[in-house]
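Work through the exercises below with the structure open beside you. Try each task before reading its solution.

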Amino acid sequence: MSVDLLSIPEAIVLGIVEGITEFLPVSSTGHLLIVGELIGFGSGSSSTAADTYSIAIQFGAILAVLFLYRARIWTLIRGLFGADVDGRSILIRLAVAFMPAAVIGVIAGDALKEALFGPIPVTIAWLVGGVVLVRWRPTAGTLTLSQMPIRAAVVIGCAQSLALWPGVSRSLVTLIAALAVGLSMSAAIEFSFLLGLLTLSAATFLDLGKHGGELVDQFGLLAPGVGLVCAFVTAIIAVRWMVGYLNTHSLAVFGWYRLAIGGVCVVLLATNVL
């Protein structure tokens with residue numbers, strides 16, 4: 001068992017990066033890909049194990065949302081069993097929004113990964129998303145989650161499919177789509193988080209089911225566990241900050257951040273660091 005292929009410091013760094021970026025509109029996949037290259041993550045290990053670890057630590061972010069939105073999750077569980085009308089309504093809309101990306105991911109996931117998982121596509125996505133957020137000034141609507149029509153869930157789900165391009169950010173496109181179809185800012189944020197919970201859970205358990213054994217063989221249990229805990233703690237901090245921030249500020253700060261990090265990557269690519 002080659003547990004030295006993922007050091008504790010690497011696990012901590014990647015866990016913190018995952019937790020901070022997963023639910024912010026800046027792309028956790030893009031950050032993990034670039035940071036992983038810069039620190040030489042997975043050097044000497046199989047790319048499958050490294051990719052699986054990058055997906056597995058999402059479970060820390062999943063647990064963070066389960067903890068922070070536990071009251072809403074309970075409502076959804078009650079709705080699943082017909083005991084809560086609002087919970088059932090929201091659950092249906094989450095299922096509808098989940099389907100487009102799930103279908104595309106199953107059909108073309110491997111091809112997309114081969115074509116787009118690299119520094120250049122991530123940099124392009126960061127820059128384009130940055131321009132969109134800096135120039136676009138959305139007007140939040142008034143719809144709550146239980147008032148959201150099914151067609152709005154379809155729009156949000158189709159938008160989420162764009163995040164299969166690393167660097168785009170699932171959070172970014174679902175927030176933009178949710179605001180565009182009339183949700184209030186608080187409802188848009190919550191739906192984005194809940195949809196992310198469903199999407200990330202499916203991706204995590206699917207990948208662990210396929211490659212979990214290889215992950216353990218390559219990296220052991222301790223270092224991945226440390227990374228997961230770091231992702232959990234930092235995701236709680238990031239989600240709480242984002243909810244408070246967006247109640248009184250626009251998304252523009254995330255656009256400027258994306259432009260800045262995209263610019264840094266352009267320099268790194270030009271100097272062959274990446």
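The model is predicted. F41 is buried, and F219 is buried too.

**Exercise 1. Rings around F41**

Task: Find how the rings of F41 and F219 are arranged, and say why the pair ties together parts that are far apart in sequence.

Solution.
- Step 1. Start with the total: the structure holds nine aromatic pairs.
- Step 2. In one of them, the ring centres of F41 and Y53 lie 5.6 Å apart and the planes meet at 55°, so this pair is tilted.
- Step 3. Place the two residues: F41 is in the loop between α2 and α3, Y53 is in helix α3, and twelve residues separate them.
- Step 4. Check burial, for which the cut-off is under 20% relative accessible area. F41 has 13% and is buried. Y53, at 0%, counts as buried.
- Step 5. Turn to F41 and F219: their ring centres are 5.8 Å apart and their planes stand at 35°, so this pair is tilted.
- Step 6. F41 sits in the loop between α2 and α3, while F219 belongs to helix α10 (residues 185-219), so the pair joins parts 178 residues apart in sequence.
- Step 7. Elsewhere, ring pairs link F23, Y69 and F193 into a cluster.

**Exercise 2. The span of helix α12**

Task: Compare the expected span of α12 with the distance between its end C-alpha atoms, then list its buried residues and the helices they pack against.

Solution.
- Step 1. Helix α12 runs over residues 252-270, which is 19 residues.
- Step 2. The expected span is 1.5 Å times one less than the number of residues, which gives 27 Å for α12.
- Step 3. The end C-alpha atoms of α12 are 27 Å apart, so the two values agree.
- Step 4. The buried residues of α12 are A252, F254, G255, R258, I261, G262, C265 and L268.
- Step 5. These residues pack against α2 (28-39), α7 (119-135), α9 (170-180) and α11 (222-246).
- Step 6. Just after α12, N272 takes a positive phi of about 65°.

**Exercise 3. Helix α7 as a partner**

Task: Repeat the span check for α7 and state which helices its buried residues pack against.

Solution.
- Step 1. α7 has 17 residues, and 24 Å is expected at 1.5 Å a residue.
- Step 2. From first to last C-alpha, α7 reaches 24 Å, close to the expected value.
- Step 3. Buried residues of α7 include P119, W126, L133 and V134.
- Step 4. The buried residues of α7 pack against α2, α6 (85-116), α9 and α12.

**Exercise 4. Salt bridges**

Task: Find how many salt bridges there are, and decide whether R72 and E190 are buried or partly exposed.

Solution.
- Step 1. Side chains of opposite charge can pair when their charged atoms come close.
- Step 2. With a cut-off of 4 Å between nitrogen and oxygen, the count is two salt bridges.
- Step 3. R72 and E190 form one of them, at 2.6 Å from N to O.
- Step 4. R72 lies in helix α5 (residues 70-80) and E190 in helix α10, with their positions 118 residues apart in the chain.
- Step 5. R72 has 24% relative accessibility and counts as partly exposed, whereas E190, at 14%, is buried.
- Step 6. R78 forms a salt bridge with D84, and their closest N and O atoms are 3.9 Å apart. R78 counts as partly exposed at 32%.

**Exercise 5. Positive phi in loops**

Task: Describe the phi angle, place and burial of S27, then do the same for S169.

Solution.
- Step 1. Most residues other than glycine have a negative phi.
- Step 2. S27 is not a glycine, yet its phi is positive, about 80°.
- Step 3. S27 is in the loop between α1 and α2, and at 4% relative accessibility it counts as buried.
- Step 4. S169 has a positive phi of about 90° and is not a glycine either.
- Step 5. S169 lies in the loop between α8 and α9 and is buried, with a relative accessible area of 4%.

**Exercise 6. A nonpolar patch**

Task: Name the residues of the nonpolar surface patch and the helix that gives the largest share.

Solution.
- Step 1. I8, I12, I16, I20 and L222 make a nonpolar surface patch of about 390 Å².
- Step 2. Helix α1 (residues 8-21) supplies the largest share, four residues.
- Step 3. I12 is in helix α1 and counts as partly exposed, at 31% relative accessibility.

Key
Residues are numbered from 1 along each chain as its sequence is written. This is a predicted model: local features need pLDDT of at least 70, side-chain atom pairs count only at pLDDT 80 or more; totals for chains, interfaces and linings use all residues. Side-chain values use heavy atoms; hydrogens and water are left out. Buried means under 20% relative accessible area, exposed over 50%, partly exposed in between (1.4 Å probe, protein chains only). Contact means heavy atoms within 4.5 Å. Patches are made of residues with over 30% relative accessible area and no salt bridge: like charges are joined within 9 Å, nonpolar side chains (Val, Leu, Ile, Met, Phe, Trp, Tyr) within 5 Å. Accessible areas come from the Shrake-Rupley method with a 1.4 Å probe; for residues, only the protein chains shown count as cover. A salt bridge is a side-chain nitrogen of Lys or Arg within 4 Å of a carboxyl oxygen of Asp or Glu. Rings of Phe, Tyr and Trp (its six-membered ring) pair if their centres lie within 6.5 Å; planes under 30 degrees apart count as stacked, over 60 as edge-to-face and the rest as tilted.
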